[in-house]
Amino acid sequence: MPITVEHVTHFLTAAAELIHAHRDELTSLDAAIGDADHGANLDRGFAAVIARLPTVADKDIGTVLKTTGMTIVSTVGGASGPLYGTAFVRAGMALADRHEMSAEDVVLALEAALDGIVARGKAQPGEKTMVDALVPALEALRAALAAGRSLGRAVQAAAAAAEAGAQATIPMLAMKGRASYLGERSIGHQDPGATSTAYLLRALAMTCSR
Ligand code: ADP
Ligand code: MG
Ligand code: MG
C-alpha cells in the first residue's frame, strides 16, 4: 500500500499531538541541561505546522514536508528550530513532486533528514543530541526492512530504537549546543532533542501501522 499525502498529514497531526502532550516533560528535560524551552519551542512550531496544513493538503508530499520545515524554522527558534526545519526541508527535497511513496522512500526521507541535521549541526553519534535517537532509528528501520518486515513493523522497530537511543543519552557528555556549556554536569540527564525525536518516530509508527 503506497504512502500518500494523507499519511503525511496524519503523521504531522500525531506528531503535534504527542509533542503537545509531552511539552512539559521536554521542557523539564531542557531545564536540567539547557534553558527550559524545548517543549514550548516545539509545541509552538508544530501548532503552526498544523495551522498551515489546510493550505498544502492538495499538494505533493515534498511540498507538504518543505512547508513544514520552513514553518518550523520560522516559529521554533533556538538550536532545534533550524535543525528540525532543515530535516523536514531535506526530506521534502528528497520527495519533490511525489504523490506516493514506498517503504524505501521512507528510508530515503529519514536519511535526507539526518544528513540535513548533521550538515547544520555537525553532531556525531555519542555527543548527546537528537542524532543519538535518529541514527539508531534509521539502522533499525533498514535492518527490519532487509529482514522482510512490513513497513508498519519496521517503523515500530525504528521508534523503539529511537526511544532506546534517547535513554542512552543519559550517561553521555554533551558536546553540542547549550548542554555542552555544562561539561561534566550534563552527564546523568536525558537529552531533550533526542527525546523529541523519539516522539516524532513514535508518531510515524502510529501512522504506518494504522
Ligand atoms: P536551545 O538549546 O537553543 O534552547 P532547544 O532547547 O529547542 O534549543 O533544543 C535543544 C536540543 O537541540 C538539544 O537537546 C539537542 O538534542 C539539539 N541540538 C543542539 N545542538 C545540536 C547540534 N549541533 N546537532 C544536533 N542537535 C543539536
Ligand atoms: Mg532550550
Ligand atoms: Mg532556547
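pLDDT is the predictor's confidence in each residue, from 0 to 100. The exercises below concern a predicted model.

**Exercise 1. Establish how confidently the protein is predicted and what the record assigns to residues 6-206.**

Solution.
- Step 1. The average pLDDT of the protein is 97, and 100% of the residues score at least 70.
- Step 2. For the model, ipTM is 0.99 and pTM is 0.98.
- Step 3. According to the unreviewed UniProt entry, residues 6-206 carry the annotation "domain: DhaL".
- Step 4. Helix accounts for 72% of this span and strand for 1%, while its end C-alpha atoms are 13 Å apart.

**Exercise 2. Describe the shell around ligand 1: which residues come nearest, and which helix gives the most?**

Solution.
- Step 1. The surroundings of ligand 1 comprise 24 residues, of which Gly-78, Gly-121, Thr-129, Gly-177 and Gly-193 come nearest.
- Step 2. Sorted by class, the shell holds eight nonpolar, nine polar and seven charged residues.
- Step 3. At least two shell residues come from each of α3 (38-56), α5 (80-94), α6 (103-121) and α9 (192-208).
- Step 4. With three residues, α9 gives the most to the shell.

**Exercise 3. Determine how α9 is oriented relative to α8 and to α1.**

Solution.
- Step 1. Two packed helices are described by the angle between their axes and the distance between the axes.
- Step 2. Helix α8 (residues 151-167) and α9 have axes that come within 8 Å and cross at roughly 165°.
- Step 3. Angles over 145 degrees count as roughly antiparallel, so α8 is roughly antiparallel to α9.
- Step 4. The α8 and α9 crossing is left-handed.
- Step 5. Helix α1 (residues 5-21) packs with α9 at an angle of about 140°, and their axes are 8 Å apart.
- Step 6. α1 and α9 are therefore oblique to each other.
- Step 7. The crossing of α1 with α9 is right-handed.

Technical notes:
Residues are numbered from 1 along each chain as its sequence is written. Chains are lettered from A and ligands numbered from 1 in the order in which they are written. This is a predicted model: local features need pLDDT of at least 70, side-chain atom pairs count only at pLDDT 80 or more; totals for chains, interfaces and linings use all residues. UniProt positions are given in the numbering used here, feature names are shortened, and annotations may be inferred rather than shown by experiment. Helices (H or I, at least four residues) and strands (E, at least two) are DSSP runs, numbered from the N terminus. A residue is near a molecule or strand if its C-beta atom, placed from the backbone, lies within 6 Å of it. Ala, Val, Leu, Ile, Met, Phe, Trp, Tyr, Cys and Pro count as nonpolar, Asp, Glu, Lys and Arg as charged, and the others, Gly among them, as polar. Axes are lines fitted to C-alpha atoms, for helices over the stretch in contact, and angles run from 0 to 180 degrees between N-to-C directions. Angles under 35 degrees count as roughly parallel, over 145 as roughly antiparallel, 65 to 115 as roughly perpendicular and the rest as oblique. A crossing is left-handed if the near helix is turned anticlockwise from the far one by less than a right angle, and right-handed if clockwise.
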